[in-house]
Each structure stands twice: as structure tokens, then as C-alpha cells.
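Here are my notes on the model you sent over. Have it open while you read, and go through the points in order.

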Number of protein chains: 2
Amino acid sequence: MRITLKDIAKALNLSASTVSKALSDSYEISAETKKTVKEYAAKHNFRPNKVAQNLKTGKTNTVGVVLCNISNNFVAQLLDGIQTASEAANYDIIIMQSRNQEMLEKQAIEVLRMRGIDGLLLTPMASDSSERELRELQDDGIPVVLVDRTFHSLETHKVGANNFDGAYQATIHLAERGKKRIMHITGRGLGVSKERFKGFLAGLEDSKLKFIPELNLEIDYAGQPIEELIKENLVPILKSEARPDAIFCATDEITSRTLGVLADLEIAVPTDIAVIGFSNTPNANALNPALSAVVQPARKMGELGFQKLTEMINSKNKEVTFETIALDTELVIRKSSL
Amino acid sequence: MRITLKDIAKALNLSASTVSKALSDSYEISAETKKTVKEYAAKHNFRPNKVAQNLKTGKTNTVGVVLCNISNNFVAQLLDGIQTASEAANYDIIIMQSRNQEMLEKQAIEVLRMRGIDGLLLTPMASDSSERELRELQDDGIPVVLVDRTFHSLETHKVGANNFDGAYQATIHLAERGKKRIMHITGRGLGVSKERFKGFLAGLEDSKLKFIPELNLEIDYAGQPIEELIKENLVPILKSEARPDAIFCATDEITSRTLGVLADLEIAVPTDIAVIGFSNTPNANALNPALSAVVQPARKMGELGFQKLTEMINSKNKEVTFETIALDTELVIRKSSL
DNA sequence: TTGTAGGCGTTATCAT
DNA sequence: ATGATAACGCCTACAA
């Protein structure tokens, strides 16, 4: 069984407090005692009970991370950045998924709160999701930083990508390649996609292209089989007069799926239709064809978000002015848009 | 600030213990008192402090999950299964990544142990990684279940895939398609790949094909840029007499990367070389070309692993005979191997 | 330099 | 039906 402070104290004929102090290298304790205690502790593989420590000190040295969906490449990379930063700062992180369900998001926040964390990193589902829970957390003195979804209404630091500009650049690129009829596919109700749509429109405008309503497709993510949905919606458009010569996909998931659909339909990309989209897939060049993509600086976003959070944790009760940071995306041109 | 049991007690002129009992619906408490207490608690948004609860009861209702690398499709799906099962069982899970570093694996286990968990789910890095830490956990009465990497030496329940058979089937498939010179690419030191290699050899043998040593490539995962490594090693082989007419890739990562490399080299798949491999990518049909794959039942594996774990948690001190379960893989034929 | 006592928030036991 | 008390493992004044 696990050994406790008391056990050590008893074994060495010391008091628990002496042992505690010895282990934390208190100046009050003699070198000799420290040595004895530490040796004994090491030998018996003593580990302080964090639960008890937490209860006493109120500090957990742990940051909670609630992500919408770890399977997503972008999110996985974001997490990677968070983890890198947390290791450097010597914090533990507890990861939870909301799986794009607001109930689970709320629940995850609650669990973390009850369990004890020093701060929370969150990619909120919607612009006002879990607001109450988040405010309560803040009222308890636990800072929150929002990542990716910077459109959320909570007042705090937010770190995301420059979605407008990413979409703008991709659109300009297509226009420069001579595309005239550019389709836009996005997910319904995703906050980030709003900015991307604006960027798309601005790109069209600056390229003297008109926005074609028939070529604007909004997929409802909630209805499970995305690929089916895309296919159902896309086929009639491709057969119609409105047939596009390029597609801009606003999200990671949609980009890959659209490519899959086009491959299924044996539509040649980019010959028949050029494709570009937001995507952080690490396999862009194994896709059919190699994918031109707007890449988000996911790792950096994670690191920066974490950094902002620890800043807040370590500067309690100071007044801070909150920032919203939009990191630049990168346009990586491969074959699919040429 | 957060409200505590005591606060409620004070406010209602009750004792803390009465409040505690009322909230847990103890039969000792009158309906009326229960009602008052619960209403007050709800109104003031009381949440029991789990840390204190844990300290007292020793139970955490939490399971630790240590995964090697969440970015991997297979692992992400595994996690999905674990999470589904944990939600059903009303357990919280704490996810940590070992990122394929044994030190981080040990550390993650330690953190979880100190923090308090009722059980651990682990995809161990190597066949004897973190053995001491795991045994200690078991000695503390905290059960451990190993997932995916069933070759680990710890005595406990293990849930993985039938790697031998998956590889065997893929190899047989290639042979049936008339392939004679089948290459094998795998990762160095990955435990699961050993079984897969055996299956590959058995498949060759049963197809009356000989194993060609020049067509056996072992990639060292640790050295970062996998794609570069594959390319470096593959190019000379493709130019040589030994040129294969098919490739069997033993891991998810290698499969995607190999496809990317072949695309870069403008080698036509499957015309020039057929490809099949272990892969759980959700974008198999967006790849170039649509990928034939050995798919692992990742979600099921996660669910089953979690289930085994809760079984152990709830049947403490009973003697159990440990099983090692090998779930069947699925061979999904698409274009790349035809 | 070391020890004692009290408390973090909860629950369990034993009174009342 | 309710309350007082102790305890979980640790930390920290304060006392010795």
C-alpha cells in the first residue's frame, strides 16, 4: 500500500510536520534529518497525496483542457501545442472532449471545477455556450482562456486564427488561377466559418467576381454522415448550369470529405474543378490530388493559449486588459488548386 | 466564491452532517429537511468538492487513460470508444499522452496515481515500459487494463486486435491479385508490428510466395521526418532489380506516408505498384488512390477495454483469471490494391 | 531544530 | 430525525 507522511514520521520517530518540512527542504530542518527523511521516503517510494495537498493548499498545478473533438487534425495539433507548453511550465493537464455537444461541454467544465484546476483552456462550441459555467469559474478566481473560437462572448483572453484573411487569400488565389465560378462549402452554425465566409466574399469582391448564391452550400454537421450530405447536395449543382470551376471549403472536415466525394464521382481535380480549403491534415500530399490548403498555426495557438492562461493564473487579482489574438494562417499551394 | 456544506449548514441552522446526508438522500433525514436543503443548494449552485470527497472516500469515480499519441486516427477512435463507454458508466476520464516517450508515460502514470484514479487504461509504449509503476498501481489496488499493445508483460486484462490475421488477410489479398513481389514496410520496435510481420510471412507462405529480404523495410519512427525516411529508403529499391509490385504497410502512419511518397514520385497506384496497409483513416477514399486497408475495430476496443476495467474496479479482491482479447480486423478493399 | 494543533470539505460513526 | 466528532493526508502557524 501507499505510504503516507505519518508512516514515515512513525518509522523515524519524528512528527508528521517535521517530515513534511524536511521533504520540502524547509530551512527549519537540520541537514541530517532532511537526509534521513528523504532517504527513507525515496526507499519506500513515497509520493505525496495530491488530493490531500490540493485540499489543503487550494492549488492543483493542473490546467483543464476542454476540446470539441480530438479526432480533428487541427484540434490534435492544438492539443500538441498545449501539451508542449504545459510540460515546459511543469503543469499537468486534464483533457476532456465536449464532442460538440453543449451538455457534455458543460459537464466537462463542471467535472474539472469540482475536481480542482487552476485554469481552463476551452474551445467553446458556440458563441454563448456554457456561459454561466464559465462565469462561475471566473468568479471562483479560476481564469479561462478561449482558443480557436474567439467569437465567444466571455470576457477573457482569446487566441485564434485570422480566419478572414485565410479565406481571403485562398479565394484570391483561385481567382488568380482564372477561376470565375467559385463555390463555397461550409458547416452550419460554426462560429469560425462566419469570418471565413466574410473573407471569401471579400476575396471575390477584390477579384471582381460575383457571389453566386447557388454555389453556396451549408452542411449541417449534426446530421451524421457528412460525406453523404455533401454528395447529395453537390451532385445536382455539378449537373446544373451553375457548375463551379472551383470550390473553397471552409473547414477541415469538409475539405477532406469534399475531396473524397469528388474522387467517388470521378471528377478530376483540379482539371475539372479546383479545390482549396482550410485543412491541417498531415497527409495533404497523399490526398487525391495533393491538397492546397489554408493551414492554421495550431501548435502555436495551443502554446500561446496556454501561456496566456498561466500568465493569468500567476497574476491573480491584478487588473488585466484582455486581448483577442488572431494568428496568421498559411496558404500552402499544392496540386488541387492548380 | 464557491459555497460549501458548512455554509449551507450555517445558513439553514443545521449541522454539516445533516446537510451531507440530506443531499445524498439518506433515509435518516426527513423529507422536509431534504427539500429545504436541496432547494437551498440548488439556488446557491452548490457543488460538492470532489477533492474533499476523494480524500474522504478514497473513490474518485475517475479512470485514467494514458495514450501514446492522440493525433493518430486509430488512437483517436479508440479514445472515442473509451469515452462512449465511460459516459454510459458515469465515470469521468482523465486523458494523458505519453507521446511515445517512456519518461512521459511514467510521468503520466505517476500524476494520475497521485491525483487519484480508480483504474487505468493504457496503451503501453513497449513490452516492458513503466512496469514498476504499473505494478505499484496494482499493488495499491488500482486495476490496469492494457489496450492495443497486448504484448506487454504485465499480468492483467488486455484488449487488442488480431494483428496476425489482419496482416495475413491483406497479404493473401495481394497474392490473389497476382502480386508476386510484395514489399513489407514497418516501424522499428513497435510491438504490434511483430505480429503483423508474422501474419505477412504466413500469408506469403500460404500463397507460395517467397519472402524477399530486400523488400523488407523497417523505418525508425524516432527519427522525425518519416516521409523523408521512407523516400530515401524506397527510391533505391524502386530503381533496383528488386522493385516490388505491391507494398504492405504495417502501420497507420506508414501507410499514409507511403502513399504520399508514391504520389510525390508520380508512381501510379495501383497500376505500377499496389498498396494496402493497416489504417484507420476516415479519409481512405479521399486518398490517392482510395486506400485498401486493414481496419482495426478501434471504438470497440476502447469500449471493451473500459468495460473490462470497470469490471475489475467493481470486483476488487475477487480472484480473476486475466484474458487477452484479440478483436478481428476488417479488410476493406478500395482502389489502391486492385 | 522539532513538535503540536488546527483545518481544508467531506463522510461515517455514534450519540442524542 | 438530527448533531457532534473524528478522520482522510497534508500543510502551516505557533509553541516548545
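1. A word on classes before anything else: Ala, Val, Leu, Ile, Met, Phe, Trp, Tyr, Cys and Pro count as nonpolar, Asp, Glu, Lys and Arg as charged, and the others, Gly among them, as polar. By that split, the surface near DNA strand D has eight nonpolar, 11 polar and seven charged residues.

2. Ground rules. This is a predicted model, where local features need pLDDT of at least 70, side-chain atom pairs count only at pLDDT 80 or more, and totals for chains, interfaces and linings use all residues. Residues are numbered from 1 along each chain as its sequence is written, chains are lettered from A and ligands numbered from 1 in the order in which they are written, and side-chain values use heavy atoms, with hydrogens and water left out.

3. Strand D has 26 residues around it, with A:Leu5, B:Thr18, B:Lys21, B:Thr33 and B:Lys56 the closest ("near" takes a residue heavy atom within 4 Å of the strand). Of the atoms of DNA strand D that come within 4 Å of the protein, 57% belong to sugar and phosphate.

4. Specific contacts to strand D: a polar side-chain atom of A:Lys6 sits 3.4 Å from a phosphate oxygen, and a side-chain N or O atom of A:Ser20 is 3.1 Å from a phosphate oxygen. B:Glu28 instead puts a polar side-chain atom 3.2 Å from a base oxygen.

5. Now strand C. Here 27 residues are around the DNA, and A:Ser17, A:Thr18, A:Lys21, A:Thr33 and B:Leu5 come nearest; sugar and phosphate make up 60% of the strand C atoms within 4 Å of the protein. α4(B) gives the largest share of this surface, four residues (helices are DSSP runs of H or I, at least four residues, numbered from the N terminus).

6. What does B:Lys56 reach on strand C? A polar side-chain atom of B:Lys56 lies 3.2 Å from a base oxygen. The backbone takes part as well: an N or O atom of B:Asn49 is 3.0 Å from a phosphate oxygen, and a polar backbone atom of B:Ala52 is 3.5 Å from a base nitrogen.

7. On the protein–protein side, 52 residues of chain A contact 51 of chain B (heavy atoms within 4.5 Å). The two chains bury about 4900 Å², 46% of it on carbon and sulfur atoms (accessible area, 1.4 Å probe, lost on being put together and summed over both parts).

8. Eight salt bridges cross that interface (a Lys or Arg side-chain nitrogen within 4 Å of an Asp or Glu carboxyl oxygen). One to check joins A:Glu110 and B:Arg47, at 2.3 Å from N to O.

Conventions
A polar contact is a pair of N or O atoms within 3.5 Å; within protein, one must be able to donate a hydrogen and the other to accept it, and residues adjacent in sequence count only if both atoms are side-chain atoms. Helices (H or I, at least four residues) and strands (E, at least two) are DSSP runs, numbered from the N terminus.
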